[in-house]
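Okay, thanks for coming, everyone. I'd like to walk you through one structure today, so let me put it up on the screen.

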Amino acid sequence: MCCESKRRFLLLYATQKGQAKAIAEEIWQQAGAHGLEADMHCISEMDKYNLETEKDPVVIVISTTGTGDPPDTARKFVKKIQDKTLPPDHFAHLQYGLLGLGDSEYMFFCNGGRTVDRRLQELGAEHFYDTGLADDCVGLELVVDPWIDGLWPALKEALQLQKEKEDMNSGSDAVSSSISTAPHAVHELKLSSEVQNLKLEDEGARNSDILSQKLDDINLVAPARDTEPSLVHSVPPVSQSALNIPALPPEYIDVEFQDTQGENPHLSSLISEGTTFEMPVTKAVQLTREDAIKTALLLELDIADTAFEYQPGDAFCVICPNNVSEVEELLHILGLSERGDDFVCVKVKQGTKKKGASRPQHIPERSTLKFILTWCLEIRAIPKKAFLRALVECTSDVGEKRRLQELCSRQGASDYACFIRDSNVCILDLLHAFPSCKPSLSLLIEHLPKLQARSYSVSSSNLYQPGRLRFVFNVVEFPAGPSRPVSRKGVCTGWLAELVAPLLHHSKNSLDTKGESSSTQKISIFPRPNNAFHLPADPSVPFIMVGPGTGISPFIGFLQHRQKLREQHTDWEFGDTWLFFGCRHRDRDYLFKQLQCFLENGTLTHLKVCFSRDSSTAEVAPPKYVQDILRLCAKEVARVLLKERGYFYICGDKKHMADDVSAAVVDILSMEMEADKLEAMKILAMLREAKRYLQDVWS
C-alpha cells in the first residue's frame with residue numbers, strides 16, 4: 001500500500017433515535033482530515049462487514065434503549081455474539097474501540113454498549129482505545145468530543161502496529177529493529193472539564209473551522225452592558241475566544257414542490273416497530289381536581305374488534321402529531337405558509353459528499369409539506385451542535401452568526417448546555433431568537449429527528465374489561481423561561497387532552513366501566529410488550545407495588561386482573577398484595593380513591609397512602625413520601641422479599657422517586673438483616689437479576 005493512501009478502519013453504529021448514527025457520521029467526516037478512511041455501516045447490515053475476518057481496527061458507537069437494552073438495530077448482532085458455543089478466542093484477532101451512549105437517569109446506564117463491550121472481551125477481542133460512556137443526562141458532548149479527539153492518535157498507533165506486524169510476518173527487511181515487542185498500551189481517556197484550545201497550525205485543527213474574530217469586527221446581539229450570558233448574548237471569555245466549531249455537515253437532501261395532487265401516506269407506513277391499530281376513544285375522565293398542580297387524564301380505547309393483545313404491565317405507543325399552531329408558525333417563518341398543502345418530493349441531492357446518503361426512512365418520498373412537519377419531524381427536538389453549525393450558514397446578521405458559532409463550539413459548551421439543552425430549546429425558539437436565520441426546508445429534514453411515538457403503561461386488564469384498554473397520564477407542562485418565551489404542553493399529552501376535550505368529564509368513580517361516550521375521535525397505537533413487568537407467574541407469591549402519582553397506572557391493571565383470577569379460581573392460593581401510593585393532596589389528586597373496593601373484596605391486602613402537601617395537626621407528622629411509608633413497614637417489606645421470595649414493583653418518576661425508593665429498600669434490608677449497606681446492595685442487585693425487583697420508570 002502506498003504510504004500516502006488513506007488507512008481504513010471499520011466504523012459501526014447501532015442507533016435507536018439517531019444519536020449514535022449522527023456521532024458515527026461525525027467520525028466519518030473527520031477521518032479524512034486525519035488521513036484515514038472510515039468504512040461506515042449500521043451494525044444491522046451484517047452482510048456488509050464480517051468481524052470474524054476483520055483485520056483493521058473497529059470503532060463501534062452504540063446507544064441504549066428501554067430499560068438497558070441494545071437498540072433495535074443491534075438485536076441480531078447481540079444475539080449472534082452471545083452464542084454460547086463461540087470459543088473464547090473467537091475474536092482474538094480483533095482490535096476495537098467502543099463509545100456507548102446512555103442516560104444516567106435510568107438504572108442500567110449505557111447497558112447497550114456495556115453488553116457488547118463485555119461480550120467482545122469475553123471472546124478475546126482487545127481494546128486499542130478505552131471505552132467511552134457518554135451521558136445524555138449531563139450532555140453527551142462532554143464525553144463524545146474528547147473521546148473523538150483521542151480516537152485519532154489511538155487509531156493511527158493501532159494501524160501502525162498492525163502494519164509493522166504485517167511487515168514482520170511477511171519477513172520484510174524494512175522492519176526497523178527498534179520495533180517494540182511490548183504489549184500495546186491502551187490509550188487512557190482523560191475527560192477533563194476544560195477544553196483545550198487547538199492551535200491553528202495543529203494538524204488536527206484542519207477538520208474544524210477555527211474562528212478568530214475581534215470584538216470590534218462583529219455586532220453583539222445584545223447590548224454590551226449585559227454582564228450575564230443568555231441564549232443570544234455571550235460574555236468573556238467565550239465572546240473573546242477563537243472558536244473550535246464542528247465541520248459543516250454536507251447537504252444531502254433535495255426537496256421539490258410538485259403541482260400534482262394525491263393522498264398522504266397512511267400513518268402506519270411511518271412505523272417500523274410492528275402493526276398499528278386505529279382505536280376509537282370511548283371514555284375520557286379527568287382524575288384530578290381543577291386546582292391540582294398537575295392535570296391527570298384517564299382515556300379508554302375500544303379494542304374489541306381488533307387483534308390487539310396485552311397483559312397488565314405492558315406498554316403501548318401512541319402515534320402523535322406536532323402541535324398545529326407550531327407547524328403553522330414554522331411554515332410562516334420559512335415563508336411557506338401558502339404552500340403547506342402542496343405536495344413535495346424528497347430525494348437525495350445529486351453529488352452530495354455525505355457517505356451512504358439516503359432519504360430518511362421516516363420521510364415519505366412524496367407527501368404534503370404540512371404532513372412532513374406534522375407527523376414526521378420532531379420539531380420540538382433539542383438542536384444538536386451539527387444543526388447549529390449548519391444554521392450558521394443560513395444566518396445573515398454578523399452578531400447572530402457569531403453567537404450560533406459560539407453555541408456549537410468547544411468554548412461555548414457550557415452555554416450550549418445551559419441555554420439550549422437544559423432549557424429545552426427547539427428550532428422555533430432559535431428562529432425567534434435569531435431572526436436573520438433562514439434555513440431551507442431541506443436543512444430541517446436533514447437535521448430534525450424522527451417524531452417518536454410516545455409510550456404509555458396499560459392501566460387495565462382484558463380479563464376485567466374485555467375489549468377495552470385504559471391508560472393514565474399527566475398533561476405535561478413546559479413553563480416559559482429566558483430561552484423560551486412561551487409555555488408549551490407536551491407534544492402527545494397536549495394533543496390527547498385537546499382531542500378528547502369534547503367528551504371529557506369529571507368522574508367520581510373512575511374505575512366504573514359505565515358512562516361511555518359515543519366518540520368519533522380515534523388514535524393510532526402499536527403494542528410495546530414488556531418482557532418482565534408482569535404479575536408473578538405463581539399467584540401464591542406476595543408482591544409489593546410502589547406507584548405514586550400516575551405511577552399507579554399499571555397497578556390498577558394488576559389489581560383488576562388479580563380480582564378476576566380470584567373470582568374465576570376460588571380454589572387457588574393467592575399471596576398478599578401491598579400498594580404504596582402517594583400524591584400531593586388527598587382531595588385534589590388522589591387518582592383512584594376506589595382502591596378501597598379492592599381492599600374490601602380482598603384483592604388488595606395492604607394499602608398505604610401519603611400526601612406530601614397536606615398539612616397535619618398530629619403530634620407526629622405523617623409520612624410525606626412513599627419511601628417514608630416503606631421505612632415504617634420495614635419488617636413486612638423485608639419479610640416479603642427475603643423470607644417469602646416475593647416481588648417488588650416500582651412505577652413512576654426515576655429521578656425524584658425510584659432512586660429514593662431503592663435507597664429505602666437498601667436501608668430496610670441492611671437494618672433487618674443486621675448487615676452493612678454493601679451487603680444489602682448486593683442483595684438488591686440479586687433481586688434485580690432474578691427479576692424480582694422490577695421498575696417501569698421515566699425521567
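Let's start with strand β13, residues 343-348, which pairs with β14 in the antiparallel sense over three bridges. If you want one pair to look for, take cysteine 345: its bridge partner in β14 is arginine 366. One thing to keep in mind while you look: this is a predicted model.

Now zoom out a little. What is the order of the three strands in this open sheet? Reading across, you get β9-β13-β14, and the pairing is antiparallel. On the edges you find β9, residues 253-258, and β14, residues 366-368, each of them pairing on one side only. Going from one strand to the next, the twist averages 35°. And there's a helix to go with this sheet: α6, residues 369-376, lies across β9, β13 and β14. Its direction is at about 90° to β14.

Moving along the chain, we come to a pair of helices. In general, two packed helices are described by the angle between their axes and the distance between the axes. Here the pair is α7, residues 385-392, and α8, residues 398-407. They pack at an angle of about 160°, and their axes are 9 Å apart. The cut-off for calling two helices roughly antiparallel is over 145 degrees, so α7 and α8 are roughly antiparallel to each other. Their crossing is left-handed.

Which residues of α7 meet α8? On the α7 side they are Lys385, Leu388, Leu391 and Val392, and across from them in α8 you have Lys401, Leu404, Gln405 and Leu407. Sort that contact by class and you get five nonpolar residues, one polar and two charged.

Okay, second sheet. This open sheet has five strands, in the order β23-β22-β21-β24-β25, with parallel pairing. Its edge strands are β23, at 606-611, and β25, at 693-698, and each pairs on one side only. Ignoring direction, neighbouring strands in this sheet are turned by 10° against each other on average.

Let's pick out one pairing here too. Strand β24, residues 647-653, runs parallel to β25, and six bridges join the two. Look for cysteine 651, which stands opposite aspartate 696 in β25. Then find helix α18, residues 654-673: this helix lies across β21, β24 and β25. It runs at about 155° to β24.

To finish, two single residues. The first one on my list is alanine 31, in helix α1, which covers residues 19-31. Is alanine 31 buried or exposed? Its relative accessibility is 0%, so alanine 31 counts as buried. And what is around it? Leaving aside neighbours within four places in sequence, alanine 31 is in contact with Phe9, Leu36, Ala38 and Trp152. Also, alanine 31 and arginine 7 are 24 residues apart in sequence, and 9.7 Å apart in space, C-alpha to C-alpha.

The other residue is threonine 65, and this one sits in a loop, between β3 and α2. Its relative accessible area is 17%, and buried means under 20%, so threonine 65 is buried as well. Not counting residues up to four places away in sequence, threonine 65 touches Gln16, Pro70 and Pro71.

That's my tour. Thanks for listening!

Notes:
Residues numbered from 1 in each chain as written. Predicted model: local features only at pLDDT ≥ 70, side-chain atom pairs only at ≥ 80, totals over all residues. Heavy atoms only, no water. Pairing = 2+ DSSP bridges. Helix = DSSP H or I, 4+ residues; strand = E, 2+ residues; numbered from the N terminus. Axes fitted to C-alpha atoms, helices over the stretch in contact; angles between N-to-C directions. Contact = heavy atoms within 4.5 Å. Parallel < 35°, antiparallel > 145°, perpendicular 65-115°, else oblique. Left-handed = near helix turned anticlockwise from the far one by under 90°. Nonpolar A, V, L, I, M, F, W, Y, C, P; charged D, E, K, R; others polar. Buried < 20%, exposed > 50% of the residue type's maximum accessible area, 1.4 Å probe, protein only.
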